[in-house]
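Biologist: I have a model open and want to learn how to read it. Can you take me through it feature by feature?

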Amino acid sequence: TRIDALRRSLGPMPEKPADLHVHLAGNFAGDGFAVEKLVFESRPGLWVTADLYKPDKPAAAMPGILICHSHHHPKSEGELQDMGESWARRGCLVLVMDVLGHGERRQHPFASKDDFPGSFKVSRQDYFFRYNLGIQLQLVGQSYSGWIAWDLMRGVDLLLARPGVDRGKIILLGSVASGGDLAAITAALDPRIAAVAVFNFGGPQPETRYPLPENAGDSFDYAGSGSWESTRNLPFSARDGFLPWVIDGSIAPRRLIYGHEFSWDKEHDPVWARLGRIYNYYDAASNLVGVHGRGLVTGHPPEASHCNNIGPIQRQDIDVALERWFGIPKPPADEHTRHFSAAELACMTRALADELHPKRVWELASEMGHISTQAGREKLSALPPEDRRTHLMALWTRVLGDVQPPNELVIVPGSDNVRSEIGVAGDAVQFWGSRVNLQVDDAGAARAAQGKSAGPAATSPHAEVSLLILSPPGADAKVRRPVVVAIAQEGHAVFLARRSAAIARLIDGGAIVCLADLRGAGDSARAGDDRDRTSQSTDVAASYLMLGQPLLGQRLRDLRCVLKYLRGDRSVDPARIALWGESFASPNAPERRVDVPYGADPFPAHSEPMAGMVVLLGGLYEPEIRAICVNGGLTGYQSVLQSPFLYVPADVIVPGVLGPDGPGDLCDVAAALAPRALRMTALVDGRNRLAERQELDAVFAPARSAYGTAKAAERLEIESTDDPAATATWLLKELR
């Protein structure tokens, strides 16, 4: 059941290709082995580069070894060559593939220091750009781990198609630093793999405090914590129970090498104890082996056994296990290997590239997203107009999770009403201010806490939503007033400071202004969080996905709780509520170069489209909302798929939104709001550049059409520039 859940989380997989379309790009002979340089097609348009190490005298029945390299270096790295040459000399076929995004399969243009005028870490770009690949694949209902697992399974196909390969001796080795993650996932899904080595996945990590405490079984973080490295922090894993150790255990009773790059506290490792119990259930204890290095990750060689993939120290016990299990002889003590250059091992020649036209991941994802959204719009248009919003809402609920506000709100009163004022151009507009905190149950954490995952996955039963409510002075309590609910990632303090004139205009016009800080925004956000790949907000967003719900879904739930609270306030007219989603992030200027490597200084600015997305979706789910205003929002998720570069925060990403069963893009939400008033200004694309009029017209054509059909074309305003004063005037007009 849990491995089925893992399979679903990785995204739909294509039909197994009948032909891998293998191309031999070249070959050469070594000392006791030969190398074939191969290119094969794992899915339409996606080509894999791989080096196949062969014995110079192939046997009638050979083990097939597939190596998944780490995130440190591609297939040409020295330890990978050592393993390929050594095992080939000992009678094995060894396939070393470039992992998607690495080496000859890199998805960015920064292969050397000459590819960018500034300084940057050339060797780390393949690794860093995994973040972009992960986001782009998530949007179309796929996953980075799923695509690599599929590639590895096609590598198994390639080995099994070779004459003389023993079908019962297919071995998958997963290197340190994410290779083990991907190898474990692949072996869990592919029963043809007879043995797998899994390094640094499932149990204590190199960063785990060493030695482990006596009671490690009670306190160990079995689920792991979220981060941008999605191969280890799998979405929905905490909710659906396919935690890393469970994936390892599912390989039983097949042979499992449980590996650690550095020292290993075997006695106190709770995952090792669990794996031992599982293998004992099968009476297969001899099929489970632990291997390790020495020292700590903070140490230096030779005291600490750092390696780039699987080093000689880590291979010593692997060789013992492979000899016992498969009869593969151990290497001689004086064995030497020759290292070839990356150019000598290169597979994708210029001639082959011209012939095959390999596509980039963002191109494939963009095509997939376009096909899915177009099909979704056709289905939507076939429904009666009164059913379209309900249908679209159901599709969004599928990807957002539980967005229904609780039956009862827990209200924590803040400060008493305090008279204050906003200074505007020398004048002062007075208002009454009050603070209220709402406690909103955390739906994802609550599900995990109900026993659907092991370990302390949920530590907080609720999140707090902070409200600052500004009312005109001397307001008659018997008169219900219109209210504008305003939100921004930066929070109410910044909103009040940056939009004081517009807020004063609203209050002076008789409206109540409610500034709401949703979870992870404003006061609840980490000060100085840069919103980039390694930011705390990215970690939090990844953790929410592990718990089973995108953070954007929880924030929509927060907003709906705010609306529920306000509708219960006797001073609020529930029929006259507007939503205002604002961003104060500066867009990247047209002349600003955005195709830069990670680590470039200065780095392009990120957008802050959260508030705009939440109020759009709030309008979809709350049909009584009178008007919706978005400033600085995202034109749409499709714009994130237009290049290998993206500058949107991870906490607005919704897996599957552009997938086959997804709801479509933000323009489809805008279309569903017709004929209600909608104003969108200063929208940005996936690289945080202001969208020009031509782009806006093209992207929002479905919304224009819907408003035209509803005979409400004048109620849809889409402007390329921001005008807060005009926004305040527009809101007051719509709330009369």
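Modeller: We will go through a sheet, one of its strands, some salt bridges and two single residues. Keep in mind that this is a predicted model.

Biologist: Start with the sheet. How many strands form it, and in what order?

Modeller: Read across the sheet, not along the chain. Here 9 strands form an open sheet, ordered β1-β2-β3-β5-β4-β6-β7-β8-β9. The pairing is mixed.

Biologist: Which strands are at the edges?

Modeller: β1 (23–29) and β9 (288–292) are the edge strands, each pairing on one side only. On average, neighbouring strands are turned by 20° against each other, with direction ignored.

Biologist: What packs on the sheet?

Modeller: Helix α11 (residues 312–326) does. α11 touches β6 (165–174), β7 (195–199), β8 (255–260) and β9. The directions of α11 and β9 make an angle of about 160°.

Biologist: Now a strand pair. In which sense do β4 and β5 pair, parallel or antiparallel?

Modeller: Compare the directions of the two strands, then look at the bridges. β4 (residues 62–68) and β5 (residues 93–97) pair in the parallel sense, over 5 bridges. For a place to look, take Gly64, which stands opposite Leu93 in β5.

Biologist: Next, β7. How many of its residues are buried?

Modeller: Count the buried residues, then sort them by the way they point. In β7, 5 of 5 residues are buried, so the strand is mostly covered under the 20% relative accessible area cut-off. Ala195, Ala197 and Phe199 point one way. Val196 and Val198 point the other way.

Biologist: How many bridges join β7 to β6, and how many to β8?

Modeller: β6 and β7 run parallel and are joined by 4 bridges. β7 and β8 also run parallel, with 5 bridges between them. Val198 of β7 shows both pairings: its bridge partner is Gly174, and Val198 also stands opposite Tyr258 in β8.

Biologist: On to charges. How many salt bridges does a search of the whole structure find?

Modeller: The general idea comes first. Side chains of opposite charge can pair when their charged atoms come close. In this structure the search finds 38 salt bridges.

Biologist: Show me one between Lys16 and its partner. Which residue is it?

Modeller: Asp157, with the closest N and O atoms 3.5 Å apart. The pair links distant parts of the chain, 141 residues apart. Lys16 is in the loop between α1 (2–9) and β1, and Asp157 is in helix α5 (residues 144–160). Lys16 counts as exposed, because its relative accessibility is 51% and the cut-off is over 50%. Asp157 is buried at 12%.

Biologist: Which residues share a network of salt bridges with these two?

Modeller: Arg154, Asp190 and Arg192 are linked with Lys16 and Asp157 in the network.

Biologist: What does the bridge between Glu36 and Arg162 tie together?

Modeller: Check the distance, then the place of each partner. The closest N and O atoms of Glu36 and Arg162 are 2.8 Å apart. Glu36 lies in strand β2 and Arg162 in the loop between α5 and β6, so the bridge ties parts 126 residues apart in sequence. Glu36 is buried, with a relative accessible area of 10%. Arg162 is partly exposed, at 21%.

Biologist: And Arg105 with Asp151: buried or exposed?

Modeller: Both are buried: Arg105 at 4% and Asp151 at 1%. Their side chains meet in a salt bridge at 3.0 Å, N to O. Arg105 lies in the loop between β5 and α3 (125–128) and Asp151 in helix α5, so the pair ties together parts 46 residues apart in sequence.

Biologist: Which side chain joins Ser42 in a polar contact?

Modeller: That of Asp151, at 2.7 Å. Ser42 is in strand β2 (residues 33–43) and is buried, at 1% relative accessible area. Beyond its neighbours within four places in sequence, Ser42 has contacts that include Pro17, Val48, Trp150 and Arg154.

Biologist: Last one, Asp517. How far away is the nearest side chain of opposite charge?

Modeller: Arg435 is 6.9 Å away, and Asp517 is buried yet has no salt bridge. Look for other partners then. The Asp517 side chain reaches the backbone nitrogen of His492 at 2.8 Å. Asp517 is in strand β15 (residues 512–517). Leaving out residues up to four places away in sequence, Asp517 touches several others, among them Glu464, Ser466, Gly491 and Asp523.

Notes: Residues are numbered from 1 along each chain as its sequence is written. This is a predicted model: local features need pLDDT of at least 70, side-chain atom pairs count only at pLDDT 80 or more; totals for chains, interfaces and linings use all residues. Side-chain values use heavy atoms; hydrogens and water are left out. Buried means under 20% relative accessible area, exposed over 50%, partly exposed in between (1.4 Å probe, protein chains only). A polar contact is a pair of N or O atoms within 3.5 Å; within protein, one must be able to donate a hydrogen and the other to accept it, and residues adjacent in sequence count only if both atoms are side-chain atoms. Contact means heavy atoms within 4.5 Å. Two strands pair if DSSP finds at least two bridges between them. Axes are lines fitted to C-alpha atoms, for helices over the stretch in contact, and angles run from 0 to 180 degrees between N-to-C directions. A salt bridge is a side-chain nitrogen of Lys or Arg within 4 Å of a carboxyl oxygen of Asp or Glu. Lys and Arg count as positive and Asp and Glu as negative; His and the chain ends are not counted.
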